[in-house]
Amino acid sequence: MPYRIEVGLKPGLFDARGERSKKQILRAFPALDKNIAVRCIDVYTVDGEDLDNAWISDAFCDPVIQDIALNAPFTREFAWYIEVGYKPGVTDNVGRSASYALHLITSRHYPVYSGRAYLLSGNLSRDQAEKIAADCLANSLIQDVRVLGPHEILGVRPHIPVVSLNHVPAVHEVSLDLDDQGLIKLSREKTLALNLEEMKTIASFIADPEVRRIRAQMGLGEKLTDVELESLAQTWSEHCKHKIFNAEIDYQENGKRERISSLFKTYIQGATRDIRASAGEKDICVSVFTDNAGVIRFTDDHHLVFKVETHNSPSALDPYGGALTGIVGVNRDPFGTGIGAKLIFNTDVFCFADPAYAKALPPKILHPVRIFEGVREGVEHGGNKSGIPTVNGCIVFDDRYLGKPLVYCGTAGIMPVQVAGVPSHIKDIRPGDLIVMSGGRIGKDGIHGATFSSEEFHEESPTSAVQIGDPITQKKLTDFLLRARDLGLYRAITDNGAGGLSSSVGEMSQLSGGCLIELDKPPLKYPGLDPWEILLSEAQERMTLAIAPENIDAFLDLSAQMDVESTVIGSFTDSGYFQCTYERKTVAYLPLEFLHNGVPRMHLFAGWEPKIEPDPLTPVPEDQNAKLLEMLSRLNICSKEYVVRQYDHEVQGGSIIKPLVGRYADGPSDAAVVRPILGLSKGVVVSNGIVPRYSDIDTYHMTACALDEALRNYVCVGGDPDHWACLDNFCWCDPVRSERNPDGEHKLAQLVRANKALYDYAVAFSCPLISGKDSMKNDYIGPGIKISIPPTILISVIGTIPEVKKALTMDFKSAGHLVYLLGATRHELGGSEYFASCGIIGSSVPKVDAETARARYRNLHKAICGSLVASAHDLSDGGLAVALAESAFSGNLGVEIDLKEVACEPGMNDTEVLYSESQSRILVSVSPERAQEFDSIFAGDARRIGRVIPEQRLIIRSLDNGRLIDRDLASLKRSWKAPLDF
Amino acid sequence: MAQIKALVITGFGTNCEMEMSYACSRAGALSDVVHISDVLNGSTRLADYHFLNLPGGFLDGDDLGSAQVESVRLKYARIQTSGRTLFEEIRDFIDRGMIILGVCNGFQALVKSGLLPGNPVGKRRVSLSFNDSAKFEDRWVRLAVDPQSPCIFTRGLDRIFLPVRHGEGKFVCDSDATLGEIRNSRLAVLKYADDSYMPTMDYPANPNGSIDAIAGICDPSGRIFGLMPHPEAFNHPTNHPAWTRLKELPEKGEGMVIFENAVEFLKGII
């Protein structure tokens, strides 16, 4: 008889979780009676017998604050009891810990399933309770819900979501002897995400008599096995092969034609190649584009490793699990680079629709506030529980992210230049090395993630693509593997992400020249998985290693001691083949060459028609004070403190510039600085740039502005502009023209232009691209509706600051300091937040002048190193007016500004000077004693526009010397903090 | 002079071990970071150390409540070589007159295993529950130090400024009697305080709603100290959240005093 255990707070104690749930419910259902009450209790089901009650109490109950009920209702004082538990096979971290606790006590294994019950009181109907459960408390994709009344709770059966597949694993052959339609149908039905040409390439491969002859020798038939077809589909997926970035593209612009052979090679790799060549000995790149993350120099003894990824599609289905998996997943990229890096910080950037979205939602789309809260919490748990500080990020709002939210997660690591006598950034695998899988077990989680994310999101999107990360299993794994690394116990490491083993072993096998995977060896969460599922499962927290046979015993011993499961699942070979066996029979035998290089190259068309139409007249607000308050309350400008505070940004003890800064530690930091090696005065700087609004005008300038934003954020905190590198993360809407996607050529042209800008500006700024990622199908297709995201690029910059004590924050420091604006203000309001606030897009998108910007950034760095600068803040969304307000209220000091002193284009009016988003501008304050020295560095590029004052007011004089804005800081700050004060 | 040896336990979700060890070393101790599995297999012995550090983190994910599974581990898991429990080893360590510092998750482990307030040793009488906000929060707090407390870690201090980073830090007692005893024995070493360093119940200065604004307690001997704020995270002046506003940068982070006091105390007894 299983035990049903309920644990709740003792009477009289404040139920904080219940109160928070109530707040969430009332936010989702504003019409509900405010007097409802919500109580939260934990529910566990232990599948087993003969447990001592004292053991159960020791494991599950804190006797100081909690009461426990065993096989009886905890209470019957409620109107509705909403129990939420996981569906079979969904990762249940709490259940896993509970089972572990019982194991510590009894040395026996008891499966435990966790759940949570929300006890609702008040005037609520069953319908209302069920709606609350569905819209607020549970995600029916991964969770089961029961809504029970006070008498229904009596004799309620325990919820035991055990997986019983009742399936005898088998390998099936798949016939590709089909006509075109049949091939397309097969691809769609099996979520292969392969196009007709790719399907035909595979069909002709298997039809080749020579191929058949070799297969016959291995005991394989004349058809491909499902193991082989699925391996090919995932290896050839857009997600893994970046087919669009490697396609041959015919690009047409203003009647001019151009053929581009691979965007990636031409522009991204090309930029880095050219920058490295001209840098010569000053080249900071160590390993670029070849591994899971980019590697640059830090000191003589250490390298920095950095990677940013997206996890958009899973986050659309299950925001919590998707985002959690996103962050712990990207952790494994620097961790799986070379022979492994210690992780030093995370950065996160999210793109959501308005959390107050009030229109009807298309099918299968979750409300933006659920996406927001789920993603926020997923990243909170993933980052905080892993002990990696979340030091920087931002949130962008646009209702076109309703169909797919963007969840960018990034992680940096640090690795010694050499470990146990070998260079740490190189993977070395030899034939005969054993393939070992360490960490979690394999289940059906995330099967087809790689191919699923290579399609648009639609009503029938597979739900098996959802995984939930487990940061503690991963923490144990990383603790163990760093120790094994330092002992020299393995030769190479890589992570299991998209495509699972087929991808990790498939890629590693290129280094030795082949592999043999025994698919009956990997440990499974439950029986009944087919061999192809074992190969493709994206179950989390797993690393794949190459281990020399002489080290295997020591490796496995240490693994067992540190409570990590490691299994030998095969060996690397030099056969030239990707071979898998199951029960000693060969079930896959594919030439590596075909697997990795057999995918036919796409040939695509792109056409660009520039919009040439002047901006509309800039609307002038009647009340500039009120307009500024409104601007500060815009979602893209307002405070994100609610999210930032819930992320641990100081663990590891090296935090220098935090995400929240200023007098009351609530100002918006431009970038972060950390000291990854305590005791060393050299720091690491990280920043981000993202401006998707400008894509509505021209993705060329959008990309230039994103890079410039990241770089100017970086220099504002003191980052060295001669030791920087960046990552590009493209999130696009489908750029391949088809019947369902008639404007594909335009979207591809947008992609081409973005790449051209990336090349032009990375080279101009001498900022090498070291790694990146693309996610190309961020569209939603529902009945009669298609939602495409605006083309979005995130640029993440990493670099160094030579002396952390020189680092700088954005808040004004002292009354009497002089305020300078670096850079020119032009009539560039196209795509601006100001225009957006007036319902206008316009066309005057900001353009970056890289040459003057780079000189400015170097001068600023020189001034910062000379301790001449008191504060520096970048101008971005909302331009000068917003930057002034932020620096003022963050420093708790007023400012008086004269717009006449701003270096601006002739003909601009006050409003345009206030809200123009011209790039490369920085607001700086300088103590009067340092002004002369400061001026001499900038030689005219720095214009003194006002001074910091002791009064708590923002005062801006107009171009004709009138009082344009005069407002107290408290009200400015209140407006800025109000929107996301959840 | 004898070398002070600090042991920093890590593993299974602990994550502040490096900065804790750094603070111990900077304070003059020889510090080892040791995975708990090395203690359980007998290769590391508490008997070889003077200063036991239980750092912050999320042991076992805090999945059954903060440090709940850790309290089970201390009580039930046995050391392979000796067959004794970790709890028994720690008791011996305490009986030898040595000192223990538990920060955040380490503090939670100390109260949940009954090592704090430690009268009687092993009985859980206080706990750390969900913050009233039900949120994990990272923010800096002012702390008033009770100069009358027996705590050896806070000697010479009357205030300290440190970060908290937790979701379960609300100090609660099982009874008024326990709270009375904590008050009478001056065990409430640290209290969340307002701008003028007076104890406060007001959020966010008191970030979690702790009773009596208690942020950290010691045992009656003053040698076992647990606190929610992170002294090891203020190991350098640039950790201060507004250090760029300070006219003069102090020489070191305020949190270092806790570790220096620990080493100083041990120097006097070994």
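This is a quick talk through the contact between chain A and chain B, and then the cavities. Keep in mind that the model is predicted.

OK, the interface. Chain A puts 72 residues into the contact and chain B puts in 61. Between them the two chains bury about 5200 Å², with 56% of that on carbon and sulfur atoms. On the chain A side, the residues that lose the most area to chain B are A:Val64, A:Leu104 and A:Arg645, and together they make up 11% of what that side buries.

What about salt bridges across the interface? The rule finds 8 of them. For one pair, A:Arg96 with B:Asp63, the closest N and O atoms sit 3.9 Å apart; the cut-off is 4 Å, for anyone wondering. We also get 33 residue pairs in polar contact between the chains, both partners at pLDDT 80 or more.

Which element gives the largest share of chain A's side? That's helix 3 of chain A, with 9 residues. By class, this side of chain A has 32 nonpolar, 22 charged and 18 polar residues.

Now, the cavities. Searching the whole structure turns up 9 of at least 30 Å³, and the largest has a volume of about 810 Å³. Its lining takes in 40 residues, and nearest the centre are A:Gly393, A:Cys394, A:Lys640, A:Pro668 and A:Ser669. Strand 15 of chain A gives the most to that lining, 7 residues. Other elements supplying at least two residues include helix 22 and helix 26 of chain A. Helix 26 is also among the elements that give two or more residues to the side touching chain B. As for the lining's make-up, we have 20 nonpolar, 11 polar and 9 charged residues.

Methods. Residues are numbered from 1 along each chain as its sequence is written. Chains are lettered from A and ligands numbered from 1 in the order in which they are written. This is a predicted model: local features need pLDDT of at least 70, side-chain atom pairs count only at pLDDT 80 or more; totals for chains, interfaces and linings use all residues. Side-chain values use heavy atoms; hydrogens and water are left out. Contact means heavy atoms within 4.5 Å. Buried area is the accessible area (1.4 Å probe) that two parts lose on being put together, summed over both. A salt bridge is a side-chain nitrogen of Lys or Arg within 4 Å of a carboxyl oxygen of Asp or Glu. A polar contact is a pair of N or O atoms within 3.5 Å; within protein, one must be able to donate a hydrogen and the other to accept it, and residues adjacent in sequence count only if both atoms are side-chain atoms. Helices (H or I, at least four residues) and strands (E, at least two) are DSSP runs, numbered from the N terminus. Ala, Val, Leu, Ile, Met, Phe, Trp, Tyr, Cys and Pro count as nonpolar, Asp, Glu, Lys and Arg as charged, and the others, Gly among them, as polar. On a 1 Å grid over the protein atoms alone, a cavity is a set of points where a 1.4 Å probe fits but cannot get out, and a pocket is an open set with protein on both sides within 12 Å along at least five of seven lines; lining residues have an atom within 4 Å of a point. Grid points are joined across faces, edges and corners, and a volume is the space filled by probe spheres set on the points.
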